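Trainee: Could you walk me through the helices one at a time, looking closely at how each is built and what it leans on? I would like the reasoning behind each step too, please.

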Amino acid sequence: MQKPLIVITGASSGIGEATAKVFAAQGYPLLLLARRIEKLKALNLPNTICAALDVTDRETFVKTIREAEEKFGEADALINNAGVMLLGTVSQQDPAEWQRMMDVNVTGVLNGIHAVLPKMVARQSGTIINISSVAGRKTFPNHVVYCGTKFAVHAISENLREEVASKNVRVITIAPGAVETELLGHTTDTAIKSGYESWKKDMGGVLSAESIAQTILFAYQQPQSVCIREIVLTATKQEP
Ligand code: NDP
C-alpha cells in the first residue's frame, strides 16, 4: 500500500534534511519545503516534490501543499521544522532580528498548521509535529526572543493538541537541546557565537540531526491512537 504524504519544512539543512532522508528511507512520499530549493533537489530523494517556500508566505504555503496532495493524496503529517535562532541581547539587537524570529518560528508554524489542519480534522486523522527546543521550556542567556518564540511553539502545540484531540488528530512537540546544524551560523553577534561554540565543545559535542530525525520518526510511527505529546532530548552532557 502507498504510504501517505509527509510535509517537512526547513528540509534544506540540519534536522529537516536528516528527517527527509529518514522518512524517504521508510518509503514515504515527501513534500520538502525551504527557500533554497537547489539544496532540496540535491538530496535526490525518491517520490519527493521539492518546492521553494518562505514559511511566512501563508498563501503560497497552502497552494504548495494542495498541489502536492493532488499527486500523493492528503498530507498525513506536517513536520513544522523551519526555524531561525538569532541570539543577542535585547538592548543591542537589531529589531529586524526579533521580527524575523517571530515571523519564521511562530507565524511560520501557524501557517503550516493552517494549511493542513482543516483536512485532518475533517477526516479525523493526521499528525502535526512541531519542532520546538529545550529553549521552549527554560531560558538561556542571550536567548530572550528565541526562547519567546519557542515557548510560543510549546504553548501553541499543547493548546492545539487539546483543541483537536477529540478529532483524533495528534499534535507532537519535539524539543531538542543543542544539535550540530547550520542554526547558530545565522547569529550575527560574533562574541555570542564563539561562546556558544566553546560551550558545545566543552560538553564534548552535541546531538546529531540524525538522532532528532529518528526521534521524530519514532513519535510519528506510533499508532494514530497513541500521541506522544512531547519529547525533550539533549546530549547527555548538556547540563542546562
Ligand atoms: P538549520 O539552520 O540547519 O535549518 C533551518 C532550516 O529552516 C533550513 O532548512 C532553512 O532553509 C529553513 N528556514 C529558515 N527560514 C525559513 C523561511 N523563512 N522559510 C522556509 N524555511 C526557512 O537549523 P536546524 O536544523 O538546527 O533547525 C531546525 C529546527 O530545529 C528549528 O526550528 C530550530 O529552532 C530547531 N532546533 C534546533 C536546535 C539546534 O541546536 N540546532 C536545538 C533545538 C531546536 P532555507 O534557508 O533554505 O529557507
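Mentor: Gladly! Let's begin with a yardstick: the expected span of a helix is 1.5 Å multiplied by one less than the number of its residues. Please keep in mind throughout that this is a predicted model.

Try the yardstick on helix 6, residues 190–202. Its 13 residues reach 18 Å from the first C-alpha to the last, close to the 18 Å expected at 1.5 Å a residue. Now look at which of its residues are covered: the buried ones are Ile 192, Tyr 196 and Lys 200. Viewed down the axis of helix 6, these buried residues fall within an arc of 80°, so they line one face of the helix. On the other side of helix 6 you will find Thr 190, Ala 191, Lys 201 and Asp 202, which are exposed.

Helix 3 can be read in just this way. It holds 15 residues, 58–72, and at 1.5 Å a residue these should span 21 Å; the C-alpha atoms at its ends are 21 Å apart, which agrees. Its buried residues are Phe 61, Thr 64, Ile 65, Ala 68, Glu 69 and Phe 72. Seen along the axis of helix 3, they stay within an arc of 140°, so here too the buried residues line one face of the helix. Turn to the other side of helix 3 and you meet Glu 59, Lys 63 and Glu 70, all given as exposed.

What does the buried side of helix 3 rest on? Its buried residues pack against strand 1 (5–9), strand 2 (30–34), strand 3 (48–52), strand 4 (75–80) and helix 4 (95–123). Just past the end of helix 3, Gly 73 takes a positive phi of about 85°.

The partnership with helix 4 deserves a slower look. The two axes lie 9 Å apart, and helix 3 and helix 4 pack at an angle of about 40°. An angle under 35 degrees would count as roughly parallel, and helix 3 and helix 4 are therefore oblique to each other. Helix 3 passes helix 4 in a right-handed crossing. From helix 3, the contact is made by Arg 58, Phe 61, Val 62, Ile 65, Arg 66 and Glu 69. Helix 4 answers with Thr 107, Gly 108, Asn 111, Gly 112, His 114, Ala 115, Val 116 and Lys 119. Compare that contact with the buried list of helix 3, and you will see Phe 61, Ile 65 and Glu 69 in both.

Helix 4 also has helix 5 (144–164) as a partner. Their axes come within 9 Å and cross at roughly 15°, which makes helix 4 roughly parallel to helix 5. The crossing of these two helices is right-handed. Helix 4 brings Trp 98, Met 101, Met 102, Asn 105, Val 106, Val 109, Leu 110, Ile 113, Leu 117 and Val 121 to the contact. Helix 5 meets them with Val 145, Tyr 146, Thr 149, Lys 150, Ala 152, Val 153, Ile 156, Leu 160 and Val 164.

Before leaving these two helices, glance at the loops that lead into them. Asp 94 is in the loop between strand 4 and helix 4, and with a relative accessible area of 46% it is partly exposed. Asp 94 and Asp 189 are 95 residues apart in sequence, while their C-alpha atoms are 11 Å apart in space. Ahead of helix 5, Asn 142 sits in the loop that follows strand 5 (126–131). Asn 142 has a positive phi of about 70° although it is not a glycine, and its relative accessibility of 29% makes it partly exposed.

One more pair rounds off the tour: helix 1 (residues 14–25) and helix 7 (residues 209–220). Their axes come within 8 Å and cross at roughly 55°, which makes helix 1 oblique to helix 7. This crossing of helix 1 and helix 7 is right-handed. On the helix 1 side, the contact involves Gly 14, Ile 15, Ala 18, Thr 19, Val 22 and Phe 23. On the helix 7 side, the contact residues are Ala 209, Glu 210, Ile 212, Ala 213, Gln 214, Ile 216, Leu 217 and Tyr 220.

Terms used
Residues numbered from 1 in each chain as written. Predicted model: local features only at pLDDT ≥ 70, side-chain atom pairs only at ≥ 80, totals over all residues. Heavy atoms only, no water. Helix = DSSP H or I, 4+ residues; strand = E, 2+ residues; numbered from the N terminus. Buried < 20%, exposed > 50% of the residue type's maximum accessible area, 1.4 Å probe, protein only. Arc of directions from axis to C-beta. Contact = heavy atoms within 4.5 Å. Axes fitted to C-alpha atoms, helices over the stretch in contact; angles between N-to-C directions. Parallel < 35°, antiparallel > 145°, perpendicular 65-115°, else oblique. Left-handed = near helix turned anticlockwise from the far one by under 90°.
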